[in-house]
Amino acid sequence: MIKLNQNGTIPGIVQDHKTGDILMMGWMTRESLERTLDSSEVWFYSRSRNELWKKGQTSGNSLKVISIVTDCDSDALLIKAEATGPVCHTGEQSCFHSEPINNISEIKRENVGPGILQELYSVIQDRKDSKDPNSYTVDLFEQGVERIGQKVVEEAGETAIAAAVGKSDQLPEEVADLWYHTLVLIAASGINLNVVWQILASRRG
């Protein structure tokens, strides 16, 4: 069984079926994988444009699928393919042609996306076992579920008011506060966040 991440995507690593060279990595969804299997040409999902795209649709340098396998955890795909031309948009045969990374200062975080919720929840979970007197999250846990629930109600009210009176500049911050306190409430209640994701997924459409 193929396991998609919390964003409904899975990394697809493309390998030259003859040389074994790694050519590129792209994100795939259920829909892009279905198109890949149906057409025998690699389709990916663009997170920035929120749309499917076929490799080579513009350049003509497509990727013909030879085989697709999952890794041992079923959360990554290895696509062995035949490239009809240079794979990288720079004209290089492989997207992995840069100089080796030598220090951590070369790491740059891309624009924050929906995955920040899972990351924030992990931090909140860590705070449950922390005794840091300067942590607001620790203070909330010490006050208990009832108080955290009250904070969620307060933040929900402030969010609704900001929307109702047209304060669009304040609404994103109010929503962020509401989501944060809701995540704290979920953690304090001992609920697995994946259960929430599964329920949300079932409500699509």
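Reader: Which elements cover the buried residues of α1?

Author: In this predicted model, the cover over the buried residues of α1 includes β2 (22-28), β3 (43-46), β4, β5 and β6 (77-83).

Reader: Which residues of helix α1 are buried, and how should the term be read?

Author: A residue is called buried when its relative accessible area is under 20%. In helix α1, which spans residues 30-39, Ser32, Leu33 and Thr36 are the buried ones. They cover an arc of only 100° around the axis, so they lie on the same side of α1.

Reader: Which exposed residues does the face turned away from the buried side carry?

Author: A residue counts as exposed when the value is over 50%. On the face of α1 turned away from its buried side, the exposed residues are Arg30 and Asp38.

Reader: What phi does serine 40 take just after α1?

Author: Serine 40 has a positive phi there, of about 65°.

Reader: Where does asparagine 61 lie, and what does it touch?

Author: Asparagine 61 is in the loop between β4 (51-54) and β5 (63-70). Leaving aside residues up to four places away in sequence, asparagine 61 touches Lys55, Gly56, Thr84, Gly85 and Pro86. For proline 86, the backbone oxygen lies 3.2 Å from a polar atom of the asparagine 61 side chain.

Reader: How is the protein chain divided into domains, and what distance separates their centres?

Author: The domain assignment gives domain 1 (9-83) and domain 2 (114-203). Taken over C-alpha atoms, the centres of domain 1 and domain 2 are separated by 36 Å.

Methods: Residues are numbered from 1 along each chain as its sequence is written. This is a predicted model: local features need pLDDT of at least 70, side-chain atom pairs count only at pLDDT 80 or more; totals for chains, interfaces and linings use all residues. Side-chain values use heavy atoms; hydrogens and water are left out. Helices (H or I, at least four residues) and strands (E, at least two) are DSSP runs, numbered from the N terminus. A polar contact is a pair of N or O atoms within 3.5 Å; within protein, one must be able to donate a hydrogen and the other to accept it, and residues adjacent in sequence count only if both atoms are side-chain atoms. Contact means heavy atoms within 4.5 Å. Domain bounds come from an automatic or database domain assignment. Buried means under 20% relative accessible area, exposed over 50%, partly exposed in between (1.4 Å probe, protein chains only). The arc is that of the directions from the helix axis to the C-beta atoms.
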